[in-house]
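Student: I have a new model open and would like to learn how to read it. Could you walk me through it?

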Amino acid sequence: MTTAITRHGDRRISPVFLGILAVTAVTGWATWTGFAGRPGIAVFLFVTSAWIVSLCLHEYAHARTALHSGDISVGAKGYLTLNPAKYTHALLSIVLPVLFVIMGGIGLPGGAVFIERHRIRGRWRHSLISAAGPLTNVLFALVCTAPFWLGALDGVPLGFRFALAFLALLQVTAAILNSLPVPGLDGYGVLEPWLSRDLRNQVEPFAPFGLLFVFALLWVPAVNGVFFDVIDSILSALGVHELETYCGLELFRFWQGEDALCSAAV
């Protein structure tokens with residue numbers, strides 16, 4: 001791969017991202033220690049800020065891989081600073097995914113980085129750029145679930161444990177949804193370089209509506225049931241029980257009142 005040279009300022013981590021990271025650390029500490037009067041508020045802020053951090057890392061992975069594949073324009077566009085405002089539109093990239101988390105507990109893929117594909121040579125490099133984002137979500141999910149599958153939960157407060165379980169669910173759903181071979185999603189981006197030009201041209205007009213199509217499918221009860229059965233199976237294999245993700249979601253939605261089962265546990 002060709003290593004591109006960018007200005008130092010183009011790679012400097014954004015104060016905005018550092019601020020979000022600080023909120024994640026502080027609210028994670030509050031969730032762990034039970035410092036907050038209402039644990040749900042601490043869980044909400046912790047999961048939301050950690051989710052935004054993961055969205056930034058997802059897009060950064062696309063940009064960093066593109067940089068080392070030949071697209072030196074990503075630095076000037078601010079993609080290497082981890083600033084969430086640089087990834088397309090703040091509403092579509094950050095606000096909308098957070099709203100989907102609140103509404104349905106689904107890790108919706110966020111914004112996108114615009115890669116100048118003509119600068120990149122080789123189909124494998126194009127595929128790797130698209131795959132880098134979902135792989136970041138997979139890595140994030142493994143980190144979140146590490147205490148579960150390593151059997152290292154002794155001493156981990158239940159509130160923090162539930163928050164990690166729910167955050168892991170978001171990462172797994174984001175990885176799976178983004179890996180679908182649907183135009184507009186990263187899964188299709190992995191396959192696209194290997195398709196004929198005619199087929200790519202026929203599919204291209206549908207790319208802006210791919211995510212909407214997937215979301216509409218998830219509203220179908222049968223599809224939704226199968227989707228979350230798959231999610232639960234993956235999390236179970238990683239040592240996360242369905243009750244833990246349920247309580248994580250219930251604590252996250254603190255405005256709905258306390259769930260007796262989860263509150264008693266916390």
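**Reading a helical model**

Tutor: Gladly, and let's begin with one residue: at 43% relative accessibility, R38 counts as partly exposed. R38 sits in the loop between α2 and α3. Keep in mind that this is a predicted model.

Student: What lies 8.3 Å from R38, C-alpha to C-alpha?

Tutor: That is F254, which is 216 residues away from R38 in sequence. For another pair of this kind, take P208, in the loop between α9 and α10. The C-alpha atoms of P208 and P183 are 7.7 Å apart, with their positions 25 residues apart along the chain.

Student: Is P208 buried or exposed?

Tutor: Here a cut-off helps: a residue is exposed when its relative accessible area is over 50%. P208 is exposed because its value is 60%.

Student: And why does T136 count as buried?

Tutor: Buried means under 20% relative accessible area. T136 has 17% relative accessibility, so it counts as buried. T136 belongs to helix α6, and beyond its neighbours within four places in sequence it is in contact with L57, H58 and A61.

Student: Let's step back to the whole chain. How many helices and strands does the protein have?

Tutor: The secondary structure comes to 13 helices and zero strands. Of the 266 residues in the protein, 48% are buried. The protein exposes about 13,200 Å², and carbon and sulfur atoms supply 69% of that area.

Student: What share of contacts between residues at least 6 apart in sequence join residues at least 24 apart?

Tutor: For this protein the share is 74%.

Student: Now the interior. Which residues touch the most other members of the largest nonpolar core?

Tutor: A core is read as a set of buried nonpolar residues joined through their side chains. The largest one here has 60 residues, and V47, W51, V74, F166, L167 and L170 touch the most other members. Several helices give two or more residues to this core, among them α3, α7 and α12. As for V74, leaving out residues up to four places away in sequence, it touches A63, A66, L67, Y79, L80 and I115.

Student: How many residues of α12 are buried?

Tutor: Helix α12 runs over residues 242-252 and is mostly covered, with eight of its eleven residues buried. The buried residues include C247, L249 and L251, and also E244 and E250.

Student: How do α3 and α12 pack?

Tutor: To read helix packing, look at the angle and the distance between the axes. For α3 and α12 the angle is about 105 degrees and the axes are 7 Å apart. Angles of 65 to 115 degrees count as roughly perpendicular, and that makes α3 roughly perpendicular to α12. On the α3 side, G40, V43, F44, V47 and T48 take part, meeting G248, L251 and F252 in α12. By class, this contact has five nonpolar, three polar and no charged residues.

Student: And what is the angle between α7 and α12?

Tutor: It is about 100 degrees, with the axes of α7 and α12 7 Å apart. So α7 is roughly perpendicular to α12. In α7, G159, R161, F162, A165, F166 and L169 meet a set of α12 residues that includes E244, T245 and C247. The contact of α7 with α12 has eight nonpolar, three polar and two charged residues.

Student: Which α12 residues should I look for in both contacts?

Tutor: Find G248, L251 and F252: they meet α3, and they are also among the α12 residues that meet α7.

Key. Residues are numbered from 1 along each chain as its sequence is written. This is a predicted model: local features need pLDDT of at least 70, side-chain atom pairs count only at pLDDT 80 or more; totals for chains, interfaces and linings use all residues. Side-chain values use heavy atoms; hydrogens and water are left out. Buried means under 20% relative accessible area, exposed over 50%, partly exposed in between (1.4 Å probe, protein chains only). Helices (H or I, at least four residues) and strands (E, at least two) are DSSP runs, numbered from the N terminus. A nonpolar core is a set of buried Ala, Val, Leu, Ile, Met, Phe, Trp, Tyr and Cys residues joined through side-chain atoms within 4.5 Å. Contact means heavy atoms within 4.5 Å. Accessible areas come from the Shrake-Rupley method with a 1.4 Å probe; for residues, only the protein chains shown count as cover. Axes are lines fitted to C-alpha atoms, for helices over the stretch in contact, and angles run from 0 to 180 degrees between N-to-C directions. Angles under 35 degrees count as roughly parallel, over 145 as roughly antiparallel, 65 to 115 as roughly perpendicular and the rest as oblique. Ala, Val, Leu, Ile, Met, Phe, Trp, Tyr, Cys and Pro count as nonpolar, Asp, Glu, Lys and Arg as charged, and the others, Gly among them, as polar.
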